[in-house]
Amino acid sequence: MNILILNGPNLHVIGTREPKIYGSRSFDSFYQELSAGFQNIRFSYFQSNHEGELIDRLYQAQEEGIDGVVFNAGAYTHTSLALADAIRAVSIPVVEVHISNVASREEIRRTSLIASACVGSISGFGLFSYTLGCYALLDHINKQVE
Ligand code: DQA
């Protein structure tokens, strides 16, 4: 099983960026632990600050035979119809994740343009949202193949 962890803008500075909201652990350190914690799963990771690169990575994932994507689109969550279209266009299940509880923040963060294109959404559990996202994605994929 191949899982892609996909991170959008400003998520490369998790650990130093607004630590009261996003915590003080770097994503790289978390990713090492996450990818070591699931047996028989091959992880890949991609982060970009550019909308088009995230779209390209989704299409590339399909070509590579990636089985599922755990996606934190950052602020593009709230603005990007193009990302929502790309998620719909690929036939790979995508789980939306957020570190912070977007429902409890500013009004604009309560809207996700990508949520309806995803299998489901997990928000508010810090970096553990990604771990939960992986569990949810694997459960979804396993149910699809049953
Ligand atoms: C975020 C929430 C977004 O609103 C914000 O723009 C981010 C991070 C989160 O993980 O909590 O960049 O996606």
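Begin by selecting glycine 65, which follows helix H3 and has a positive phi, near 80°; helices here are DSSP runs of H or I with at least four residues, strands are runs of E with at least two, and both are numbered from the N terminus. The model is a predicted one, in which local features need pLDDT of at least 70 and side-chain atom pairs count only at pLDDT 80 or more, while totals for chains, interfaces and linings use all residues. Residues are numbered from 1 along each chain as its sequence is written.

Step back next into H3 itself, residues 51-64, where Leu54, Ile55, Arg57, Leu58 and Ala61 are buried (20 or more other C-beta atoms within 10 Å of the residue's own, against 12 or fewer for exposed and partly exposed in between, with C-beta atoms placed from the backbone). These residues cover an arc of only 160° around the axis, taken from the directions from the helix axis to the C-beta atoms, which puts them on the same side of H3. Turn to the other side of H3, and Gly52 and Glu63 are exposed.

Then select Tyr22 and His98, where UniProt, in an unreviewed entry, places the feature "active site"; such annotations may be inferred rather than shown by experiment. Although spread over 77 residues of sequence, the two cluster in space, with a largest C-alpha distance of 9.6 Å. Tyrosine 22 is found in helix H1, residues 19-22, and is buried, with 20 other C-beta atoms within 10 Å. Histidine 98 lies in strand S4, residues 94-98, and also counts as buried, with 24 C-beta neighbours inside 10 Å.
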